[in-house]
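I opened this notebook to record a few backbone features. The entries follow in the order I looked them up.

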Amino acid sequence: IEAIKGIEPELIVIVAYGRILPKEIINIPKYGAINVHASLLPKYRGAAPVQWALLNGDREIGITVQKVFEALDTGDIILQKSVLISDEDNTLTLTEKLFNIGSKLLIDAIKLIGSGEAPGIKQDERLATYAPTLKKESGQIDWKRSAREIFNQIRACNPWPVAYTFFHGKMLKIFLAEIGLATKKYDPGEVVDFVKEKGFVIATGEGTILIKEVQLEAGKIMKAWDFLVGHKLKVGDILPS
């Protein structure tokens, strides 16, 4: 705190800081402190907004530049910009997309603050939701869930904690997949088909999912089709949840 006072900043900017700034720090700069947050606040306050947006299958996310209050992501909104989420996005690609937009929005917000024209829009507490940090076990796949839900989980957990199942007692991480079409009913977790040069198809509680990129425990990341060359996986096998 004394070091920051010695700098005599006009404004403090935080991004993905992970802690709540104490009031003593917020009050040091003439213009207070602002935060760049990867959601359209008040939705997804907390540490993992991008992952939760993907987990929940949202089609839109965004960036918010907000004033910092002494509570988690509750400050007045200065600027916001929405971003569409595509099926090709995962946490890594979407974070990079938001970073590029957020850096530009931050500059705009600082200009508004400097000119005295920055708005301060109160957040609607009735619309507030939270996005806590995922845990390692958040990646474990339950094949009884729908193909869409599992697909979203795989995207949200890439690059961490990575979605996973088990193959012959070893953890099998799944990095890339796409939703398939089920023509009949199978058991959840059942291997139902192989797609040449792409990978293998697993049945879910609703629909099927094509697994395209995997990593077996202690191995390297590889295309699922290449994985099939060296491992005995056959139609009818059941992958556990």
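Where is Pro161 found? I located Pro161 in the loop between α5 (147-156) and β5 (163-167). I note here that the model is a predicted one.

Entry on peptide bonds. I looked up the bond that joins Trp160 and Pro161 and found it cis, with omega about 5°. I then turned to the bond from Leu41 to Pro42, which is cis with omega near 15°. Pro42 lies in the loop between β2 (33-37) and α3 (49-55). I wrote both down because most peptide bonds are trans.

Entry on phi. Most residues other than glycine have a negative phi, so I listed exceptions next. Asp73 is not a glycine, yet I read a positive phi of about 55° for Asp73. I placed Asp73 in the loop between β3 (60-67) and β4 (77-84). Glu197, also not a glycine, has a positive phi of about 70°. I found Glu197 in the loop between β7 (191-195) and β8 (199-203).

Entry on exposure. Is Asp73 buried or exposed? Asp73 has a relative accessible area of 11%, and under 20% counts as buried, so I entered Asp73 as buried. Is Glu197 buried or exposed? For Glu197 I took down a relative accessible area of 55%; the cut-off for exposed is over 50%, therefore Glu197 went down as exposed.

Closing entry. I have Asp73 as buried with a positive phi, and Glu197 as exposed with a positive phi.

Conventions:
Residues numbered from 1 in each chain as written. Predicted model: local features only at pLDDT ≥ 70, side-chain atom pairs only at ≥ 80, totals over all residues. Heavy atoms only, no water. Helix = DSSP H or I, 4+ residues; strand = E, 2+ residues; numbered from the N terminus. Buried < 20%, exposed > 50% of the residue type's maximum accessible area, 1.4 Å probe, protein only.
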